[in-house]
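Trainee: Hi! Could we go through this structure together? I'd like to hear about its pockets and its ligand.

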Amino acid sequence: MRVPFVDLAAQHAEIADEVRSGLDAVFAATAFVGGPEVTAFEQEYAEFVGVDHCVGVANGTDALELALRGAGVTAGSEVIVPANTFIATAEAVSRIGARPVPVDVDEEHLLIDPVAVAEAITGVTSAVVAVHLFGQLAPLDELAEICGDAGIALVEDAAQSQGARWRGRVVGGLGRVAATSFYPGKNLGAAGDAGAVTTADPELAARVRLLANHGSATRYVHDVIGMNSRLDAVQAVYLRAKLGRLDKWNDLRGRAALRYAELLADVPGIQCPGAIEPEGHVWHLYVIRVDERDRVLQALGEAGIGAGIHYPTPVHLTGAYRGLGLGPGTAPIAEAAAGRILSLPMHPHLTEDMQARVAEVLVAAANGGAR
Ligand SMILES: Cc1ncc(COP(=O)(O)O)c(C=O)c1O
């Protein structure tokens, strides 16, 4: 039995009819960039998140750049980011001309560590990016207090956490501004690249919308230097169809996570991920830690089981960020975890049989190492 890492075809099968009729309408109206579908999605996503404003943009990296710029981050400042994140978190900072400052994560959840954040603040720090990694919320209370005391912005990277909740409130509406990615494999995935910025702040939303549309609120009037980052109608149709299923799909991910925890409990050499707030975690990725990770990954691959590493190299040790001059030892927990983390198949359509097969191969591979 092959077990895919994600199963976009199964998701598509559930929404295919809805998407077909939505696309027919888009192609009949030829409203491709912006238009009623985009406006409807922006309203529905804002409502889902619990804020007044959602600005649909071209991808998650743009969303982060725009959220940071909207929150006042400018060239020459420093922005604190977790060392363990997708590279886009840092790229968005660099694109503004600011300097990303990667800091360590906590040992248990691999989320940005507030203590490391507090230590990294300097006179030129303008913001902290709280990445809600793997579907789980970063420690917002502590980070909000640190940022409030320092007078700097707290920007959320919610690319991996659509639908995640903190004390009943949905991610994207917890702080001043959040950016998200609707890359196809995300919990809420488009049929291509897409992203959004969400905020309760009308001025920030207006600034993001202006920047994302060539710095223009009125056609051919350009008051600031912006960019082209707009959501298109095809993506909006797809996202509207999936949004109606997001909570159900996230629940199914949660059940799959519980099953993995049962199947892999007490297996020597395997550490399952915990959840800070089990009800609120949306399990974008199920990241275990395992001894001899590369050998285990290879065994899974040979058995037809999709698995991955998120992420093999902490930001400061990538070639792209060599220029930061931060060597090994900068973020010891993230660096040590990078050699042991392994992401198992995780998606709403994972069956019990599939998970049993993953566990079978995994346990055999882990035991193989012990012999
Ligand atoms: C944590 C994180 N931040 C940012 C991004 C960037 O999103 P995109 O690929 O849509 O630009 C992604 C996803 O790819 C991500 O996982």
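**Pockets, ligand and cavities**

Mentor: Happy to! Keep in mind that this is a predicted model. Let's start with the second largest pocket, which has 21 residues lining it; Gly254, Pro278, Glu279, His281 and Trp283 are the ones nearest its centre.

Trainee: Which helix gives the largest share of that lining?

Mentor: That's helix H9, residues 246–264, which supplies 8 residues to the lining of the second largest pocket.

Trainee: And what volume does the second largest pocket have?

Mentor: About 400 Å³. By class, the lining of this second largest pocket holds 11 nonpolar, 5 polar and 5 charged residues.

Trainee: Okay, now the largest pocket. How much space lies in it?

Mentor: The largest pocket holds about 490 Å³ of space. Its lining is made of 30 residues, and those nearest the centre are Phe86, Ser181, Tyr183, Lys186 and Tyr311.

Trainee: Which elements give two or more residues to that lining?

Mentor: For the largest pocket, they are H3, H4 and strand E8, which covers 177–181. If you sort the lining by class, you get 15 nonpolar, 12 polar and 3 charged residues.

Trainee: Switching to the ligand: where is the space it takes?

Mentor: The ligand's space is the largest pocket, the one we just talked about. Two helices each give two or more residues to the shell around the ligand: H3 (60–70) and H4 (88–96).

Trainee: How many residues surround the ligand?

Mentor: There are 14 around the ligand, and the closest are Gly60, Thr61, Asp157, Ser181 and Lys186. That shell divides into 5 nonpolar, 7 polar and 2 charged residues.

Trainee: You named Asp157 there. What is its side chain's distance from a nitrogen atom of the ligand?

Mentor: An N or O atom in the side chain of Asp157 is 2.7 Å from a nitrogen atom of the ligand. Ser181 has a polar side-chain atom 2.7 Å from an oxygen atom of the ligand. For Gln160, a side-chain N or O atom lies 3.0 Å from a ligand oxygen.

Trainee: How much of the ligand's area does the protein bury?

Mentor: The protein buries 92% of the 380 Å² that the ligand exposes when taken alone.

Trainee: New topic! How many cavities of 30 Å³ or more does the structure hold?

Mentor: It holds 4 of them. The largest cavity has about 130 Å³ of space. That cavity is lined by 15 residues, with Glu108, His109, Phe134, Pro273 and Val287 closest to its centre.

Trainee: And how do the lining residues of the largest cavity divide?

Mentor: Into 8 nonpolar, 5 polar and 2 charged.

Trainee: What lines the second largest cavity?

Mentor: Gln136, Leu137, Arg165, Trp166, Ile276, Glu277, Gly280 and His281 line it. The second largest cavity has a volume of about 50 Å³. Its lining counts 3 nonpolar, 3 polar and 2 charged residues. You've met His281 before, among the residues nearest the centre of the second largest pocket.

Trainee: Last topic, the backbone. Which residues does a cis peptide bond join?

Mentor: His310 and Tyr311, with an omega of about 15°. Tyr311 is in the loop between helix H10 (293–302) and helix H11 (332–338). Tyr311 also came up among the residues nearest the centre of the largest pocket.

Trainee: Why point out a cis bond?

Mentor: Because most peptide bonds are trans, and most residues other than glycine have a negative phi.

Trainee: Speaking of phi, what is the value for His214?

Mentor: Phi of His214 is near 60°, which is positive, and this residue is not a glycine. You can find His214 in the loop between helix H7 (202–212) and helix H8 (233–243).

Trainee: Thanks, I'll look for those in the viewer!

Definitions and conventions. Residues numbered from 1 in each chain as written. Predicted model: local features only at pLDDT ≥ 70, side-chain atom pairs only at ≥ 80, totals over all residues. Heavy atoms only, no water. Near = heavy atom within 4 Å. Polar contact = N/O pair within 3.5 Å; in protein donor to acceptor, adjacent residues only side chain to side chain. Areas by Shrake-Rupley, 256 points an atom, 1.4 Å probe, with all protein chains shown as cover. 1 Å grid on protein atoms, 1.4 Å probe; cavity = no way out; pocket = protein on both sides within 12 Å on 5 of 7 lines; lining within 4 Å. Sits in = over half its atoms within 2 Å of the grid points. Helix = DSSP H or I, 4+ residues; strand = E, 2+ residues; numbered from the N terminus. Nonpolar A, V, L, I, M, F, W, Y, C, P; charged D, E, K, R; others polar. Points joined across faces, edges and corners; volume = space filled by probe spheres on them.
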